[in-house]
Amino acid sequence: MRSTIVGLVAATMFVAAGAQAYPGMEKQAERQVQSSVDLISVLPKPFPIEAVPFKDSKGEAVDFSQYKGKVIMVNMWATWCPPCVRELPAISRFSAKIGSDDFEVLPVSIDLEGNKQVEPFLKSLGMEDFNTYYDKEQKLGHVFPLDTIPATFILNREGELIAFVRTFVDWDDDKAVTLIKSFLEQPQQQSKVTSKAD
């Protein structure tokens, strides 16, 4: 019995530590929060993220490399998570409010039954047109900690992590629009490999 408990604790610590290696994941000092948008942590410098595959509604593999050149907002959610569900309509409106070809919102459900579970759920909410992705195996847990959801991870045009939040955010708040637009205004980095002059 004791070895089982020790094993579970070790496994939990391993999983929790797995995707928390990037700068800014350590506990931040308490600060005055006026808006839920203030909870978003902007990393001191971009952190490279592996292009781990997840699925679209047709079961096709998708990964972040397909969105190079765009700022992307990955929102991890599940049907059994009330704060996640509360965020969904605002996330849908937020995407429309930004209205840029250079910005993509990728809601990713981690429900174990994938679209079989999620599609009827969204229909029951009157959100059948909401475009979500699926990661029922939670492969994205290799690059993002998924022990707390909702969680949102923002990647720059190079596919590097630049900001994250691991709680509910009111995406209807104008501060969220201002933040994303500030990321969109940052120029795309030139290729890191430069050819030498002859």
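Lys 97 is partly exposed in this predicted model, with a relative accessible area of 36%. Its side chain forms a salt bridge with Asp 174, the closest N and O atoms being 4.0 Å apart. The pair links distant parts of the chain, since Lys 97 belongs to helix 2 and Asp 174 to helix 4 (residues 174-184), 77 residues apart. Asp 174 has a relative accessibility of 55%, so it counts as exposed, the limit for that class being over 50%.

Helix 2, which carries Lys 97, repays a look along its length. The helix has 17 residues and reaches 25 Å from its first C-alpha to its last, close to the 24 Å expected at 1.5 Å a residue. A kink of about 30 degrees lies at Leu 88, shortly before the proline Pro 89. Leu 88 is also one of the buried residues of helix 2, a set that includes Cys 84, Val 85, Glu 87, Ala 90, Ile 91, Phe 94 and Ile 98. These buried residues pack against strand 4, strand 5, helix 3 and helix 4. Just after the helix, Gly 99 takes a positive phi of about 50 degrees.

Two of those packing partners, strand 4 and strand 5, also join helix 2 (residues 82-98) in a right-handed β-α-β unit. Strand 4 (residues 71-77) and strand 5 run parallel and are joined by seven bridges. Within this pairing, Met 73 has Val 105 in strand 5 as its bridge partner. Six of the seven residues of strand 5 (residues 103-109) are buried, so this strand is largely enclosed by the rest of the structure.

On to the next crossover. Strand 5, helix 3 (residues 115-124) and strand 6 make a right-handed β-α-β unit. Strand 5 and strand 6 (residues 133-134) run parallel, with two bridges joining them. One bridge can be located by its residues: Ser 109 has Tyr 134 in strand 6 as its partner.

Strand 5 also takes part in a charged contact. In general, side chains of opposite charge can pair when their charged atoms come close. The side chains of Lys 70 and Glu 104 meet in a salt bridge, at 2.9 Å from N to O. Lys 70 lies in the loop between strand 3 (61-62) and strand 4, while Glu 104 sits in strand 5, so the pair ties together parts that are 34 residues apart in sequence. Lys 70 has a relative accessibility of 26% and therefore counts as partly exposed. Glu 104, at 23%, counts as partly exposed too.

A further salt bridge brings together the side chains of Lys 116 and Glu 113, at 3.9 Å from N to O. Lys 116 is exposed, with a relative accessible area of 61%, whereas Glu 113 is partly exposed at 44%. The count for the model comes to seven salt bridges, among them the Lys 97 pair with Asp 174.

Finally, the loop between strand 6 and strand 7 (151-155) contains Pro 145. Pro 145 has a relative accessibility of 3%, so it counts as buried, a class that requires a value under 20%. Pro 145 and Arg 166 are 21 residues apart in sequence, and their C-alpha atoms are 8.9 Å apart in space.

How values were computed
Residues numbered from 1 in each chain as written. Predicted model: local features only at pLDDT ≥ 70, side-chain atom pairs only at ≥ 80, totals over all residues. Heavy atoms only, no water. Buried < 20%, exposed > 50% of the residue type's maximum accessible area, 1.4 Å probe, protein only. Helix = DSSP H or I, 4+ residues; strand = E, 2+ residues; numbered from the N terminus. Pairing = 2+ DSSP bridges. Right-handed = clockwise from strand over helix to strand, strands pointing away. Expected span 1.5 Å × (residues − 1). Bend = angle between axes of the 7 residues up to and from the residue. Contact = heavy atoms within 4.5 Å.
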